[in-house]
Amino acid sequence: WIGVPVPIEYERKFLLTQPPREALLKDAVAVPIEQLYLRGANGGERIRRRGKGRSATYYHTKKENRPGGGRVEYEEAIDMEAYLDLMASQDPETKIIRKTRYCFLSDNQYCELDDFGDGFWMLEIEGTEENMTCTPPPWLSISREVTNDPEFTNYAISKRK
């Protein structure tokens, strides 16, 4: 394969014990997300809508796990028509995930805080190194780290929601 190198994604995930105070998210960018997993891919292929109405963007994503940790993600922008067509291929064992993602920087770290509703919040800190150090923002009430817990992948969440 010749082309643009694909970065390996590393992330650390943390559960929150309670939602953050709204004032603490005032500088974050809030984005509504809808995503669903496609049949036969065991969670390795999904489609996603980011935003609402005319400002929404659509993506078709394939992920591959790498030995020793990390994943390679292949993402392609698609139009709304392709998104709606691919919805027909949804994995029947999963449900659509709807969440609000708050994106912000904290201590030079890129953070994504997902509100799944019903008081369920999860923080992801993105990085490019396998053994990256990260510090969740001190203003968040962290319950525990769930980076390597298979119950807290978005695919697993789609199977229980």
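1. Aromatic pairs. In this predicted model, the count of aromatic pairs comes to six. One of them joins Tyr 58 and Tyr 83, with 5.0 Å from centre to centre and 50 degrees between the planes, a tilted arrangement. Tyr 58 belongs to strand β4 (residues 57-65) and Tyr 83 to helix α1 (residues 80-87), so this pair ties together parts that are 25 residues apart in sequence. Both rings belong to buried residues: Tyr 58 has a relative accessible area of 10%, and Tyr 83 has one of 1%.

2. Phe 104 and Trp 139. The ring centres of Phe 104 and Trp 139 are 5.4 Å apart and their planes meet at 45 degrees, so this pair is tilted. The partners come from distant parts of the chain, 35 residues apart: Phe 104 sits in strand β6, Trp 139 in the loop between β8 and β9 (142-145). Their exposure should be read separately. Phe 104 is buried at 9% relative accessibility, whereas Trp 139 is partly exposed, with a relative accessible area of 30%.

3. Aromatic cluster. Phe 116, Phe 120 and Phe 152 make up one aromatic cluster. Phe 116 also appears in a nonpolar core of ten residues, which is taken up under point 5.

4. Largest nonpolar core. Which residues touch the most other members of the largest nonpolar core? They are Leu 113 and Leu 123, in a core of 13 residues. Two or more residues of this core come from each of β1 (8-16), β6 (97-106), β7 (109-117) and β8 (120-127). Strand β8 gives the largest share, three residues.

5. Surroundings of Leu 123, and the other core. Beyond its neighbours within four places in sequence, Leu 123 contacts Arg 12, Lys 13, Phe 14, Leu 16, Phe 104, Cys 111, Glu 112, Leu 113, Pro 136, Pro 137, Leu 140 and Ile 142. The list includes Leu 113, and also Phe 104, the partner of Trp 139 in the tilted pair. Another core, of ten residues, lies apart from the largest one; among its members are Leu 15, Tyr 37, Phe 116 and Tyr 155.

6. End of strand β6. Leu 105 and Ser 106 can be taken together. Leu 105 is placed in strand β6, and Ser 106 lies in β6 as well. Is each of them buried or exposed? Leu 105 is exposed, with a relative accessible area of 66%, while Ser 106 counts as buried at 11% relative accessibility. The C-alpha atom of Leu 105 is separated by 8.2 Å from that of Ala 28, a residue 77 positions away along the chain. Leaving out residues up to four places away in sequence, Ser 106 touches Cys 111 and Pro 137; Leu 123 also contacts Cys 111 and Pro 137.

7. Loop between β6 and β7. Asp 107 and Asn 108 are found in this loop. Asp 107 has a positive phi, near 50 degrees, although it is not a glycine. Asn 108 likewise has a positive phi, near 60 degrees, in a residue other than glycine. Most residues other than glycine have a negative phi. Asp 107 is exposed, with a relative accessible area of 60%, and Asn 108 counts as exposed at 80%. These two backbone values merit a look in the model.

8. Arg 46. This residue is in strand β3 (residues 45-50). Arg 46 is buried and has no salt bridge; the nearest side chain of opposite charge is Glu 75, 4.0 Å away. Apart from residues up to four places away in sequence, Arg 46 touches Gln 35, Leu 36, Tyr 37, Leu 38, Tyr 59, His 60, Thr 61, Lys 63, Glu 73 and Glu 75. Tyr 37, one of these contacts, is also among the members of the ten-residue core.

9. Overall architecture. The protein chain has two helices and nine strands. Their order along the sequence is β-β-β-β-β-α-β-β-β-β-α. Of the chain's 161 residues, 42% count as buried. Among contacts with a separation of 6 or more, 58% are between residues 24 or more positions apart. The exposed area of the chain is about 9700 Å², of which carbon and sulfur atoms supply 49%.

How values were computed
Residues are numbered from 1 along each chain as its sequence is written. This is a predicted model: local features need pLDDT of at least 70, side-chain atom pairs count only at pLDDT 80 or more; totals for chains, interfaces and linings use all residues. Side-chain values use heavy atoms; hydrogens and water are left out. A nonpolar core is a set of buried Ala, Val, Leu, Ile, Met, Phe, Trp, Tyr and Cys residues joined through side-chain atoms within 4.5 Å. Buried means under 20% relative accessible area, exposed over 50%, partly exposed in between (1.4 Å probe, protein chains only). Helices (H or I, at least four residues) and strands (E, at least two) are DSSP runs, numbered from the N terminus. Contact means heavy atoms within 4.5 Å. Accessible areas come from the Shrake-Rupley method with a 1.4 Å probe; for residues, only the protein chains shown count as cover. Lys and Arg count as positive and Asp and Glu as negative; His and the chain ends are not counted. Rings of Phe, Tyr and Trp (its six-membered ring) pair if their centres lie within 6.5 Å; planes under 30 degrees apart count as stacked, over 60 as edge-to-face and the rest as tilted.
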